[in-house]
Amino acid sequence: MIEVKNLQAGYPGRPVLKGVDLELRPGEVLAVLGPNGCGKSTLLRTVNGLLPGWGGEVLVDGVPLGELPARRIAQKIAYLPQSRSVPNITAGRMVLHGRFPYLSYPRRYRREDYEMVERALDWVGAAELSPRPMPELSGGQRQKVYLAMALAQDTETILMDEPTTYLDVGCQLEVMVLARRLAEEGRAVVMVLHDLTLALRCAHRAALISGGRVCQTGTPEELYRGEALERVMRVSLGRVETGGGWRYFYQ
């Protein structure tokens, strides 16, 4: 498990996180919510060690993040950034990148690496994409490949920064279903999301960030019934009960 304690971080001359406390728990999807510029992406980058913290600490299974070498962090935490380049390589080769933390230099892929790639692509329902070049894939197909790469990395925690952006509704729901499946396998899945209705529908727990601080954490039910969500996000939400659970909508 990853514990974030009084975390402070930011960029030169611009503090962003101002004392964040949060637990990233195995077996659940945690949605990170909040307005633009509140520190959601900064939180993920700091938890992953890409951005140094200014104060507080991040504990990975009880060990301070700063005491872990980069390779060990990559074996513990997979990170899918909001924007990424699309290299002119096949989807299968892209997923192989997830095996980098387990290879010595010079990198020579082993049989188990190729087997992991096949299992990961099959798990996300994208086995047929393996020989296809990444630039030829749709946004939804690419997102499946990136999820397979994270799965091939074989980490306990997966951080995703706005993984549903620019995807149609069907692809968004597919990504969320895959995230829930990852959590069911015992992984901690953390997703920065802007669509509140999607987050409340699919996440086990949510953290609402405002002004660089976590102002509320809880289940979708707790956030919906509280006052902070509508106050911070400046929207009004409603919901209806269906056979598949609550469905949220903007009013």
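1. Central sheet. In this predicted model, six strands form an open sheet with mixed pairing, in the order E6-E7-E8-E3-E9-E10. The edges are taken by strand E6 (77–80) and strand E10 (213–218); each has a single partner strand, so one side of each has no neighbour in the sheet. From one strand to the next, the twist averages 15°.

2. Pairing of E3 and E9. Within this sheet, strand E3 (residues 28–33) pairs with strand E9 (residues 205–210) in the parallel sense, and four bridges join the two. One point of reference for inspecting the register is Leu-33, whose bridge partner in E9 is Leu-208.

3. Helix H1 and the sheet. Helix H1 (residues 40–47) lies across E3, E6, strand E7 (157–161), strand E8 (188–192) and E9. The helix runs at about 150° to E7. Six of the eight residues of H1 are buried, so the helix is largely enclosed by the rest of the structure. The buried residues are Lys-40, Thr-42, Leu-43, Leu-44, Thr-46 and Val-47; the reader may note that a lysine is among them. After H1 comes Gly-49, which has a positive phi, near 85°.

4. Helix H6 and the sheet. A further helix, H6 (residues 169–184), lies across E3, E7 and E8. Its direction is at about 150° to E8. Strands E3, E7 and E8 are thus crossed by H6, and H1 also lies across these strands.

5. Aromatic cluster. The model contains three aromatic pairs. Phe-100 and Tyr-109 form a stacked pair, with 6.4 Å from centre to centre and 20° between the planes; the pair counts as stacked because planes under 30 degrees apart are classed in that way. Phe-100 is partly exposed, because its relative accessibility is 26%. Together with Tyr-114, Phe-100 and Tyr-109 make up one aromatic cluster.

6. The pair Tyr-224 and Tyr-248. These two rings are arranged edge-to-face, at 5.4 Å centre to centre and with 65° between the planes. Tyr-224 belongs to helix H8 (residues 220–225) and Tyr-248 to strand E12 (residues 245–250), so the pair ties together parts that are 24 residues apart in sequence. As to their surroundings, Tyr-248 is buried, with a relative accessible area of 10%, whereas Tyr-224 counts as partly exposed at 24% relative accessibility.

7. Arginine side chains over rings. Two arginines deserve inspection in the viewer. The charged end of Arg-84 sits over the ring of Tyr-146, at 4.0 Å from the ring centre. Arg-181 lies over the face of Trp-123, and there the distance to the ring centre is 4.0 Å.

8. Overall form. The secondary structure of the protein consists of nine helices and 12 strands. The radius of gyration is 18 Å, which agrees with the value near 18 Å for a compact globule of 251 residues. The C-alpha trace spans about 55 × 45 × 30 Å along its principal axes.

9. Burial and contacts. Of the 251 residues in the protein, 49% are buried. Among contacts with a separation of 6 or more, 65% are between residues 24 or more positions apart.

Methods
Residues are numbered from 1 along each chain as its sequence is written. This is a predicted model: local features need pLDDT of at least 70, side-chain atom pairs count only at pLDDT 80 or more; totals for chains, interfaces and linings use all residues. Side-chain values use heavy atoms; hydrogens and water are left out. Two strands pair if DSSP finds at least two bridges between them. Axes are lines fitted to C-alpha atoms, for helices over the stretch in contact, and angles run from 0 to 180 degrees between N-to-C directions. Contact means heavy atoms within 4.5 Å. Rings of Phe, Tyr and Trp (its six-membered ring) pair if their centres lie within 6.5 Å; planes under 30 degrees apart count as stacked, over 60 as edge-to-face and the rest as tilted. Buried means under 20% relative accessible area, exposed over 50%, partly exposed in between (1.4 Å probe, protein chains only). A charge sits over a ring if NZ of Lys or CZ of Arg is within 6 Å of the ring centre and within 35 degrees of the ring normal. The radius of gyration is taken over C-alpha atoms; the globule rule is 2.2 Å times the number of residues to the power 0.38.
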